[in-house]
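Student: I have just opened this structure and would like to get to know it. Please take me through it one step at a time.

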Amino acid sequence: MKTIRKLCIFIWISVFFLQACTRVENTVADKAQKTRYSASFLDVFDTVTQVVGYAETEEEFKSYSQMVQERLEYYHRLYDIYNDYEGIANIKTINDKAGMEAVKVDKDIIDLLKFSKEMYVQTDGKVNIAMGSVLRIWHDIRETATNSTTEVSLPAMEELTLANQYVDIEKLIINEEESTVFLADANMRLDVGSTAKGYATEQVARYLKEQGIDNIMLSVGGNVRAVGSKLDDNGNPIPWSVGIQNPDMTSENQSIVVVNIEDKTLVTSGVYERYFTVGGKNYHHIIDPDTLYPGESYLSVSILCEDSGQADALSTAVFNMDLEQGRALIESLENVEAMWILPDMQIVYSSGFEKNLK
Amino acid sequence: MRVKKTDIILLSVIGILAVLSFFAFRPKELQDKGKVSISVNAKEEKVLDLAEDTVYVYENDKGYTNTISISGGKVRMTDANCPDQLCVHQGVIAKDGEMIVCLPHGLVVEIESSEEAEADIIAK
């Protein structure tokens, strides 16, 4: 009998003790631990931006996400090719003065253009920001298609070939000393759609890091860049989980694979992002500089590396290359990995990609 | 050895207390399934219960409409009169942080739930 009574008292005490423990642990953890917050906004780079991060207070996190939004807005205005902003010479200004005069611009424009030229060389011309005249034809048709109920017709090949005569990147003249840019061909136009978003994301990530901000992740329209790591429930660093969009949008699994990243970037170019339909067929926004038509080799290409600008450019470039050429390029670059999804949903990885899978 | 009646009572009381305290100290978010928050131009428009099957129609003075359906804990945009229709093709969301965005209408549908998504963010 005594044993049972002792046992009862023991259980009684244990239950209360355990509860006391959990409560104490919570208070301690709350003090040391940062809380996870998220925010999203729609007004930059014509897409949705998400910020996920850890901070001690909501105000602190808000100040970070506001910082991200302001910086992105700044780059968005500079790199815009469709709109004018008062008091700002942006890429549209350079285009408007094509063949006429050099335009004095901010160093952040010079830096983007220099970077884009480097990517042109690195990708053997598969990313060409001087292709604006060709891309504009596709852009205008896509705009018309989305805003009307009647079906549009595809661009005539002659029109595309004609526009393709004015895509020589050598005619993009950058004068660093004077901080000016001149397009030495009146018919040439810049379109920085393949580099600007990633480049801006990278600059914002570096800015956050300089400000001493850590454990934060940005997605600018699916262009993902992590600054530092995620934190687990005890505040210990663990990798972020980044899903790669399932090209089958009807699937309940939004991610086709999940990748672990820390201080890295993951950028995907996919056929499902921006497109229009003619005769039951979808025409997406990634235009192959050789065929002047949307590439059909893949459903998406994802790039995992350290620099979001490089990842953005490479995802477009590799999308426009056949598998062998793309693989050769990726394997030749240090700390760059790629994942291809073929039209039959088969997945192909570069040699070092799989070890990053969750 | 005989078990006294009082011992049984004591044991049962401990048992009940243990079970009760388990529920009492469970984090609040685990008690309900989750919320579906709908915002327009970053302003909260409507909050719906993820556990409750419903159809919500958003309409503004410009004639923009979006129809959001919740069924069996899953949310989808079943209809919208936006030009690109990307939101309608975005499929189903069900877990914490997952969102459907209608860019032309500035509308975001986002889930807040204790059921963690397998990914923190999606590259697309």
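**A guided tour**

Student: How many residues apart are Tyr75(A) and Tyr79(A) in helix 2 of chain A?

Tutor: Helix 2 of chain A holds both Tyr75(A) and Tyr79(A). Helices are DSSP runs of H or I with at least four residues, strands are runs of E with at least two, and both are numbered from the N terminus. The separation is about one turn of the helix, that is, 4 residues.

Student: What kind of model is this?

Tutor: Residues are numbered from 1 along each chain as its sequence is written, while chains are lettered from A and ligands numbered from 1 in the order in which they are written. Side-chain values use heavy atoms, with hydrogens and water left out; local features need pLDDT of at least 70, side-chain atom pairs count only at pLDDT 80 or more, totals for chains, interfaces and linings use all residues, and this is a predicted model.

Student: How many helices and strands does chain A have, and what percentage of its residues count as buried?

Tutor: The secondary structure of chain A comes to 9 helices and 17 strands. Its C-alpha trace spans about 100 × 45 × 45 Å along the principal axes. Buried means under 20% relative accessible area, exposed over 50%, and partly exposed in between (1.4 Å probe, protein chains only). Of the 358 residues of chain A, the buried share is 52%.

Student: What is the aromatic pair of Tyr75(A) and Tyr79(A): stacked, tilted or edge-to-face?

Tutor: Rings of Phe, Tyr and Trp (its six-membered ring) pair if their centres lie within 6.5 Å; planes under 30 degrees apart count as stacked, over 60 as edge-to-face and the rest as tilted. The whole structure has 11 aromatic pairs over all chains. For Tyr75(A) and Tyr79(A), the distance is 5.8 Å centre to centre and the angle between the planes is 35°, which makes the pair tilted.

Student: Which residues form one aromatic cluster?

Tutor: Two of its members, Tyr75(A) and Tyr79(A), are both buried. The full cluster is Tyr74(A), Tyr75(A), Tyr79(A), Phe115(A) and Tyr199(A).

Student: Is Tyr79(A) buried or exposed, and what is its relative accessible area?

Tutor: Contact means heavy atoms within 4.5 Å. Leaving out residues up to four places away in sequence, Tyr79(A) touches several residues, including Phe45(A), Ile91(A), Leu112(A) and Tyr199(A). Ile91(A) is 12 residues from Tyr79(A) in sequence and 5.5 Å away in space, C-alpha to C-alpha. Tyr79(A) is buried, with a relative accessible area of 3%.

Student: How many residues are in the largest nonpolar core, and which element gives the most to it?

Tutor: A nonpolar core is a set of buried Ala, Val, Leu, Ile, Met, Phe, Trp, Tyr and Cys residues joined through side-chain atoms within 4.5 Å. The largest has 91 residues, and those with the most contacts inside it are Tyr79(A), Leu113(A), Ile303(A) and Trp340(A). With 7 residues, the element giving the most is helix 2 of chain A.

Student: Which backbone nitrogen lies 3.1 Å from a polar atom of the side chain of His76(A)?

Tutor: His76(A) sits in helix 2, residues 58-79 of chain A, and is buried at a relative accessible area of 12%. Beyond its neighbours within four places in sequence, His76(A) contacts Asp43(A), Val44(A), Phe45(A), Asp46(A) and Tyr85(A). The backbone nitrogen at 3.1 Å belongs to Phe45(A).

Student: In what order do the 4 strands of the open sheet in chain B stand?

Tutor: Two strands pair if DSSP finds at least two bridges between them. Strand 1 (residues 34-40) and strand 8 (residues 107-113) of chain B pair in the antiparallel sense over 7 bridges, with Gly34(B) opposite Ser113(B). Strand 7 and strand 8 of chain B are antiparallel too, over 4 bridges. The order in the sheet is 2-1-8-7.

Student: Why is one side of strand 2 and of strand 7 of chain B left without a neighbour in the sheet?

Tutor: Strand 2 (43-49) and strand 7 (99-102) of chain B stand at the edges, so one side of each has no neighbour in the sheet. Both faces of strand 7 are nevertheless covered, with Met99(B) and Val101(B) buried on one side and Ile100(B) and Cys102(B) on the other. The reason for the free sides is that each edge strand has a single partner strand.

Terms used. A polar contact is a pair of N or O atoms within 3.5 Å; within protein, one must be able to donate a hydrogen and the other to accept it, and residues adjacent in sequence count only if both atoms are side-chain atoms.
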